[in-house]
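Trainee: I have a new model to study. Could you take me through it step by step?

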Amino acid sequence: MPEKKTQALPKLLIVEDDEGLQAQLKWAYEDFEVLIAGDRDTALALLRSEEPAVVTLDLGLPPDPDGTSEGFAVLDAIMQLRPQTKVVVASGHGARESALQAIERGAYDFYQKPVDIEALGLIVRRACNLAQIEAENRKLAARAGEENTVLGGLITSAPEMLKVARTIERVADTNVSVLLLGASGTGKELLAKGLHESSERRDRAFVAINCAAIPENLLESELFGHEKGAFTGAVRTTEGKIELADGGTLFLDEVGDIPLPLQVKLLRFLQERTIERIGGRKEIAVDTRIVCATHQNLEKMIQEGSFREDLYYRLAEIVVTIPSLRERPGDAPLLARAFLNRFASEMNPAIKGFAPDALAAIDAWPWPGNVRELENRVKRAVIMADGKLVSAGDLDLTDPAEAELDALNLKSAREMADRKIIRHALARSEGNISSTARMLGISRPTLYDLLKQYDLHA
């Protein structure tokens with residue numbers, strides 16, 4: 001018969017310098033894998049290597065066995081290295097003051113010496129059960145993060161952005177031209193890729209070109225290609241981006257920067273679906289879908305004469321406006337966690353998450369540079385952070401000015417404020433109802449009523 005797998009015992013680290021008490025405590029916890037440490041260095045080494053769920057910590061450790069300074073130093077280090085660990089603190093020195101200070105520093109519970117093995121056992125087992133529940137919640141939150149991914153790569157939980165994603169999904173299988181409008185860094189190229197991957201053209205090429213990044217005299221060759229000998233340096237025939245995207249999708253980023261003479265040639269392609277390479281005499285039929293993006297006001301450019309109106313209507317059969325990150329409540333912490341997980345695995349595996357002040361700062365920052373700014377700040381913080389948790393200082397974020405509500409009346413202003421703060425709290429607590437209710441200072445039933453009233457989901 002195959003051997004039955006035994007379930008691994010939860011790990012308990014006992015930090016105690018009294019050898020007699022060490023043996024007594026170890027004997028009392030047969031349903032744990034017990035680890036013993038008699039000083040700070042041993043305790044922190046075991047914390048790093050074994051990652052125990054629960055730690056019992058005597059505050060009176062050498063070299064300060066008659067005080068609490070060394071024990072509190074160990075507690076602070078545990079909270080810095082592995083804040084999810086449940087620390088149960090013991091002391092006979094100024095019990096009440098030590099208990100309050102320990103809880104303020106992040107301890108789970110406190111007991112007073114002399115030790116009552118049975119009472120301490122109840123505290124330890126309760127702490128272990130809570131640690132296991134929280135670990136499972138973190139796994140569920142990670143899965144929820146995957147569920148917040150739409151269009152194959154766009155991470156969002158904001159209704160404003162979900163509406164954009166649904167619009168793109170609806171038009172993906174058509175051949176209409178799509179114009180994406182939004183500020184720099186809002187994810188226009190990611191949405192264009194999502195449109196392509198959701199369409200019947202997904203198995204063919206997705207070709208992107210930034211019209212603002214290519215000199216005007218080279219842009220025509222980049223788009224339409226050239227024949228050998230068409231100009232100095234044209235040593236061979238080269239296909240343009242439109243040809244390379246035949247059967248697939250061409251993404252024209254910053255389409256507002258295309259010069260007027262080239263706009264005429266692009267319009268002809270959209271009308272005839274044929275191109276001529278520079279220096280060529282043959283028309284080439286091309287089946288390429290055009291998706292464009294810009295942060296400029298094309299209608300204003302039409303009035304000023306710098307953009308053709310007939311080209312605009314060819315490109316803008318469907319117009320999708322992408323909200324800025326500040327208009328997507330709850331998305332900044334969601335995206336920040338995704339960026340941190342990616343960059344930490346690539347560059348600094350010691351980083352385990354964000355400190356509370358970092359999440360608060362991320363949630364409050366107006367993000368003028370949108371998602372690109374958030375990504376860059378998180379990447380830099382992961383590289384530069386000294387501890388296990390990224391702080392607001394690592395992100396170089398300061399307190400922003402309080403944003404003003406743009407509402408028509410007091411009732412709608414209150415509703416907007418309620419929705420915004422609930423979504424922020426849900427994002428910061430990773431969808432945990434109890435944590436969100438505590439953060440908002442309301443009961444769980446009240447929170448459920450508000451979620452139902454505003455059609456929000458954890």
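Mentor: Gladly. Keep in mind that this is a predicted model. Start with a single bridge: in S3, Ile 14 has Thr 56 as its bridge partner.

Trainee: Which strands do the 4 bridges join, and how do these strands run?

Mentor: One strand is S1, residues 11–15. The other is S3, residues 54–58. The 4 bridges join S1 to S3, and the two run parallel.

Trainee: Which are the edge strands of the sheet?

Mentor: Look at the strand order, S2-S1-S3-S4-S5, in this open sheet of 5 strands. An edge strand pairs on one side only. That describes S2 (33–37) and S5 (109–112).

Trainee: What angle does helix H3 make with S3?

Mentor: Helix H3 covers residues 69–81 and packs on the sheet. It touches S3 and strand S4 (86–91). Its direction and that of S3 make an angle of about 160°.

Trainee: Which helix lies across S1, S2 and S3?

Mentor: Look for residues 40–50. They run at about 150° to S2. This is helix H2.

Trainee: Now the largest nonpolar core. Which element supplies the largest share of this core?

Mentor: The core has 32 residues. Several elements each supply at least two of them, including strand S9 (206–210), helix H8 (216–224) and helix H10 (260–272). The largest share is 5 residues, and it comes from H10.

Trainee: Which residues have the most contacts inside this core?

Mentor: Take Phe 269 as an example. Leaving out residues up to four places away in sequence, Phe 269 touches Phe 224, Ile 242 and Ile 290, among others. The residues with the most contacts inside the core are Leu 250, Leu 252 and Phe 269.

Terms used:
Residues numbered from 1 in each chain as written. Predicted model: local features only at pLDDT ≥ 70, side-chain atom pairs only at ≥ 80, totals over all residues. Heavy atoms only, no water. Core = buried A, V, L, I, M, F, W, Y, C linked by side-chain atoms within 4.5 Å. Buried < 20%, exposed > 50% of the residue type's maximum accessible area, 1.4 Å probe, protein only. Contact = heavy atoms within 4.5 Å. Pairing = 2+ DSSP bridges. Axes fitted to C-alpha atoms, helices over the stretch in contact; angles between N-to-C directions.
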